[in-house]
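Student: Please take a close look at the empty space inside this model. Which residues line the largest cavity, and of what class are they?

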Amino acid sequence: MVPDPSSVSRRTVLATLGGGVAALAGGTAVVGATEPTALPDPITDAATKYYPTPPEVDTLWRPPVTEAHARAAVETLAETVAESQRRWDAIGDVDDEGAPITTDAGGWLEDAREALDEGDHDTALFRARYGLQFAGEALGYARAEQDAIDPTDVRDRATALTERAESVATDLRPYPTTDPARDLGWYVRIEGEVQSASALAARALPDDADSGQNADSGGESDASADAVDPENAGEVTAALLRGEVDAMTAERYRDILFERLGSDTEPHAEALRTAAERFRAALPEYPSREDARARYIGEVDRYGPWEFAHSRLAQWCLGSTAPVPWRTPIDADLLALRTVAVSIGLARRRAHETAVDRLVVEPDDDGFDSGHALAAKRRAHATYQSVVGSDPSPLLVTQIGRAVEDLQVAAVGFGGGWDEPPWRERLEAYLYALVGRAKLEAFPPLRDAILDPT
């Protein structure tokens with residue numbers, strides 16, 4: 001009798017697979033490894049949830065956040081909340097659907113202070129920056145209600161933020177390194193903060209002052225038409241506050257890196273430029289998303305596992321070459337970030353090719369056995385151990401983020417709806433493991449090409 005999926009417990013899964021998660025990781029799930037479809041779906045469905053998955057990428061490496069750094073962000077949030085609450089006490093209630101959902105930080109200030117008191121500076125910084133979205137919107141809205149917004153001051157503040165970001169970007173060139181595999185990871189993270197600060201500043205700049213535009217505004221700057229509209233003022237205020245935290249983070253990371261570099265360094269700018277050009281030149285070799293769908297799916301009367309698999313693979317692997325959209329002129333100068341972004345785009349395309357070759361789905365299939373998903377997770381885990389391990393270089397860490405996320409969500413029951421056929425979420429879990437593994441395999445040669453493109 002095949003057990004009902006809802007009745008399959010963690011204990012049943014571990015017992016069936018011969019000793020639990022540790023045994024799985026040690027390769028004792030012999031039946032599932034050699035004959036993926038030998039076990040019933042309810043067992044392998046549940047096993048995909050308990051099989052070891054990689055940790056969050058930030059636990060592998062990230063630039064350290066000092067107490068002073070985190071405290072400065074928390075104090076900014078506290079000052080923002082205090083002013084917002086004073087103004088809202090004077091305003092009272094506002095009958096407007098666009099009014100902010102909270103007049104403070106929605107609990108993020110208390111959470112940030114708690115993390116700071118516990119010495120968890122990374123978390124304190126994250127919570128403070130996140131809370132500034134809510135507190136900034138509330139403050140900007142209240143200032144507009146009280147006619148306390150000066151558009152010129154807003155533009156000046158945004159211009160100063162842009163210049164601050166550009167100054168950090170200039171300081172990084174020509175990317176001096178003593179250990180490129182380590183130092184380039186720092187440069188990527190610093191430039192990520194620079195890019196975010198620049199993009200957030202652009203939301204408060206009119207089109208004639210900066211060519212960066214808010215992607216959701218139909219080509220108009222957030223501050224262009226009606227700078228004192230309360231809702232708009234809230235969005236701009238929040239953007240500037242968060243951008244200023246990002247600029248501070250970029251500056252502090254820059255200072256820490258430069259202290260570690262010392263004087264005996266070699267510039268890496270030309271190597272980055274060469275690698276980026278080679279990666280970009282290789283992209284046209286791969287099919288577009290539309291080409292892949294036309295080749296493998298075409299015009300069909302049914303949408304079964306084969307069509308679903310190739311649609312997902314094309315969607316996940318053949319999209320943009322950049323992990324984030326380029327919005328501002330400064331992006332062209334962020335060479336380390338741009339090179340890693342293009343390497344990620346190329347890795348996705350190579351992963352598509354590999355995944356299609358390994359796909360176990362056939363055109364006439366009308367179901368999918370989750371034993372294949374469990375087997376794919378086992379193989380992906382082994383690949384992760386060999387490619388990433390416990391102490392990867394910072395440069396590699398900046399590349400593998402999405403691949404690791406793929407492996408983390410490769411579990412039956414992670415997504416999907418009650419009205420979807422059972423094979424769909426089983427196949428999706430398999431595809432995540434398949435693609436995640438293929439991406440991980442693609443990164444080492446791309447990392448090496450960045451380190452030494454000769």
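Tutor: For class, Ala, Val, Leu, Ile, Met, Phe, Trp, Tyr, Cys and Pro count as nonpolar, Asp, Glu, Lys and Arg as charged, and the others, Gly among them, as polar. This is a predicted model, where local features need pLDDT of at least 70 and side-chain atom pairs 80 or more, while totals for linings use all residues. Residues are numbered from 1 along each chain, and side-chain values use heavy atoms, without hydrogens or water.

The structure holds three cavities of 30 Å³ or more (on a 1 Å grid, points where a 1.4 Å probe fits but cannot get out). About 60 Å³ of space, as filled by probe spheres, lies in the largest. Lining that cavity (an atom within 4 Å of a point) are Tyr-51, Pro-52, Thr-53, Pro-54, Lys-377, Ala-380, His-381, Leu-407 and Ala-433. By class, six of the lining residues are nonpolar, two polar and one charged. Helix H15 (a DSSP run of H or I, at least four residues) gives the largest share of this lining, with three residues.

Now for the aromatic rings. The whole structure has 12 aromatic pairs (ring centres within 6.5 Å; planes under 30 degrees apart are stacked, over 60 edge-to-face, the rest tilted). Trp-108 and Phe-126 pair edge-to-face, at 6.4 Å and 75 degrees. Because Trp-108 sits in helix H6 and Phe-126 in helix H7, their pair ties together parts 18 residues apart in sequence. Trp-108, Phe-126, Tyr-130 and Phe-134 make up one aromatic cluster.

Terms used:
Phe/Tyr/Trp six-rings, centres within 6.5 Å; stacked < 30°, edge-to-face > 60°. Helix = DSSP H or I, 4+ residues; strand = E, 2+ residues; numbered from the N terminus. 1 Å grid on protein atoms, 1.4 Å probe; cavity = no way out; pocket = protein on both sides within 12 Å on 5 of 7 lines; lining within 4 Å.
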